Amino acid sequence: HSPERVPLSGLWQVAPDQPRGSVRMSDPGSVESAILTLDAELEEVTDAYALAAQQAAEAESTYRLEKAKALLQVDGRNAEEREAKALAYKVGEQTIGDLLFLRNARESVAQGYLERMRSVRARLSAQQSLLRNYQEVAG
């Protein structure tokens, strides 16, 4: 059974009057609309990435500073033992291990936004290429 309409990446669709596997391009208006939507999404994701990257940097700085302080406070026979004890060292209500977790979590969030930003850019580029193709065919 052939679907009436199956969007693939929002760019192509199955043509119901064509044999299975045939595709036709969307109309130029829908491509322009997709470009505007992706442009707005890119701006939103870029702002979110900037905030997430700042929070990740702050978490990294806090972790490094507090870890250094903890390493000066704990005793151990060697560096590994001092590192292990430092992870359990309390800073207010949190341990250095909690700060490490927060640092890693914030970095992961920032990396997620970065990957999403790259994805939106690639989709935007594809839509722009489609629009250029329409313009060349029409022009």
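So, contacts first: if you take the pairs in the protein chain with a separation of 6 or more, 58% of those contacts come from residues 24 or more positions apart. Keep in mind that this is a predicted model.

What does the chain look like in outline? You've got three helices and four strands in the protein chain. Walk along the sequence and the pattern reads β-β-α-α-β-β-α.

Okay, on to the inside. Of the 139 residues in the protein chain, 24% count as buried. The largest nonpolar core is made of 12 residues. From the lower numbers you have Val31, Ile35, Leu38, Leu42 and Val45, and then there's Leu114, Met117, Val120, Leu124, Leu130, Leu131 and Tyr134. Which elements give two or more residues to this core? Those are α1, running 28-73, and α3, running 96-138. It's α3 that gives the most, with seven residues.

If you want one residue to click on, try Leu42, which belongs to that core. Leaving aside residues up to four places away in sequence, Leu42 touches Met117, Val120, Arg121 and Leu124. Met117, Val120 and Leu124 are on the core list too.

There's also a second core, separate from that one, with five residues. Among them are Ala70, Ala86, Ile96 and Leu99.

Last bit, the outside. The protein chain has an accessible surface of about 9,600 Å², and carbon and sulfur atoms account for 53% of that surface.

Methods
Residues numbered from 1 in each chain as written. Predicted model: local features only at pLDDT ≥ 70, side-chain atom pairs only at ≥ 80, totals over all residues. Heavy atoms only, no water. Core = buried A, V, L, I, M, F, W, Y, C linked by side-chain atoms within 4.5 Å. Buried < 20%, exposed > 50% of the residue type's maximum accessible area, 1.4 Å probe, protein only. Contact = heavy atoms within 4.5 Å. Areas by Shrake-Rupley, 256 points an atom, 1.4 Å probe, with all protein chains shown as cover.
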